[in-house]
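Trainee: I am new to this structure and would be grateful for a close look at one part of it, namely how its interior is packed. Please begin with a single helix and work outward from there.

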Amino acid sequence: MDLKTAYKIMNVSEDVTREKLEYQYALWLRIEKSQQNQANIHSHDMIDIDKITEAYRHIQKHIQLSSPESKERIREKIDHFVEHYKYHTLGILFLAFVFGSIIFHFIDHRIEQTREPDIVPPDLEILLFGDYYAEDITVLEDSLKKTFPEWEKIEVNLEYSPTETTSEMDIASVQKRPLTLMIEEPDIYITDQIHFDLLLDLSAHLPIDILDDFEEQIDAHSLKFNQLEGEETEELYGINLIKSKIFNEVEIVGGEKIVSIRADTDNYENALTFIKKAIEEIE
């Protein structure tokens, strides 16, 4: 029912006040009750109280929304929502954007895998995974290519994963960890202690069998041993190479640089070669 029709049915002017509207509706109710008490009245002469009630409510709603008091209350409610929930709303929108980007990255990664079956895999792929920041990680990649000229291709990637969450971006990065570990398949992880332990719990490391060759060059505190369930002895799974000059070409903000070998790597020997060279470059 449009507003003009509602005014006509209620028999009121378009500038009717709330009080006048209430009075007119009460009058219609009295008329309807009076007609019900008349035995000789024909049905077609009876007023349609249902249509009148619909018109009354339609006009009443219009008056409420049009009144300055109502507009002020709506404005107050909007201001209250913005004041108390703006960060929640922004946070939800940010997380939606982040997870959308993650899903897009995963799908795009899978598409690229199917499109590029003939691309030669890298001789070594390194993933810095942890509370790290580097302005341009490709600088390290270029430096390693000079260090290992016999290798045709080296890939270095960095995935920021904070050890403490102090922002919504940190929370999103932490929630992204499982997807990162599912998508990325490096030969070598470089991590801080927290992420090294995380990967250790997931059985993501292979033992590093080089200790006898470099025992005198490595500080005992830099060696990360672990004894797996069912094994009789501890084995070396990580080495903190934070003092190695192999990283000097790029400034990587972060803590330890614990190097470990991913359990499913196809480049185990190249991974050992990289670790040996990094140890030789320890200051």
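**The packing of the interior**

Mentor: The buried residues of α5 pack against four elements: β1 (124-130), β3 (154-160), β8 (252-253) and α10 (268-280). Please keep in mind throughout that this is a predicted model. Which residues of α5 are buried? In this helix, which spans residues 138-147, they are L140, E141, S143 and L144. Viewed along the axis of α5, these buried residues lie within an arc of 165°, so they line one face of the helix. A general point helps here: an α-helix has 3.6 residues a turn, so residues three or four places apart point the same way.

From α5 we may step outward to the core. The largest nonpolar core has 34 residues, and the members touching the most others are I239, F274 and I275. Several elements each supply at least two residues to this core: β1, α5, β3, β4 (188-191), β7 (235-240), β9 (258-262) and α10. The largest share, 6 residues, is that of α10. Such a grouping may be set beside a general tendency: in soluble globular proteins, nonpolar side chains tend to be buried together.

Two of these core residues deserve individual attention. Apart from neighbours within four places in sequence, I239 is in contact with I208, I210, I218, S222, L223, K224, K257, I258, V259, I275 and I279. I275, for its part, belongs to helix α10. Is I275 buried or exposed? Its relative accessible area is 0%, so I275 counts as buried. With neighbours within four places in sequence again set aside, the contacts of I275 are I188, I208, I210, I239, V259 and I261. One of these partners, I208, stands 67 residues from I275 in sequence, while the C-alpha atoms of the two are 9.1 Å apart in space.

That separation in sequence can be set against the whole chain. Where contacts join residues at least 6 apart in sequence, 71% of them in the protein chain link residues at least 24 apart. The chain has 283 residues, of which 35% count as buried, and its secondary structure amounts to 10 helices and 9 strands.

The largest core is not the whole account of the interior. A second, separate core has 15 residues, including A6, I47, I52 and A55. A6 leads us to helix α1, residues 3-10, whose buried residues are A6, Y7 and M10. Around the axis of α1 these buried residues fall within an arc of 100°, so they line one face of the helix. On the face turned away from that buried side, α1 carries the exposed residues K4 and K8. What do the buried residues of α1 pack against? Their partners are α2 and α3.

Those two partners also pack against each other. Helix α2, residues 18-36, and helix α3, residues 49-66, meet at an angle of about 170°, and their axes are 11 Å apart. The two helices are therefore roughly antiparallel to each other. On the α2 side, the contact is made by R18, L21, E22, Y25, W28, L29 and E32, and on the α3 side by I49, I52, T53, Y56, I59, Q60, I63 and Q64. By type, the residues of this contact comprise 9 nonpolar, 3 polar and 3 charged.

Another helix, α6, also invites inspection. In α6, residues 168-175, the buried residues are D170, A172 and S173. They cover an arc of only 160° around the axis, which puts them on the same side of α6. A172 of this helix has a relative accessibility of 3% and so counts as buried. Its C-alpha atom is 9.3 Å from that of S161, a residue 11 places away in sequence.

Finally, two loop residues stand in contrast to this buried interior. N11, in the loop between α1 and α2, has a relative accessible area of 58% and is exposed. S203, in the loop between α8 (193-201) and β5 (205-206), is exposed at 52%. Most residues other than glycine have a negative phi. N11, although not a glycine, has a positive phi of about 60°, and S203, likewise not a glycine, has a positive phi of about 55°.

Technical notes:
Residues are numbered from 1 along each chain as its sequence is written. This is a predicted model: local features need pLDDT of at least 70, side-chain atom pairs count only at pLDDT 80 or more; totals for chains, interfaces and linings use all residues. Side-chain values use heavy atoms; hydrogens and water are left out. Buried means under 20% relative accessible area, exposed over 50%, partly exposed in between (1.4 Å probe, protein chains only). The arc is that of the directions from the helix axis to the C-beta atoms. Contact means heavy atoms within 4.5 Å. Axes are lines fitted to C-alpha atoms, for helices over the stretch in contact, and angles run from 0 to 180 degrees between N-to-C directions. Angles under 35 degrees count as roughly parallel, over 145 as roughly antiparallel, 65 to 115 as roughly perpendicular and the rest as oblique. Ala, Val, Leu, Ile, Met, Phe, Trp, Tyr, Cys and Pro count as nonpolar, Asp, Glu, Lys and Arg as charged, and the others, Gly among them, as polar. A nonpolar core is a set of buried Ala, Val, Leu, Ile, Met, Phe, Trp, Tyr and Cys residues joined through side-chain atoms within 4.5 Å.
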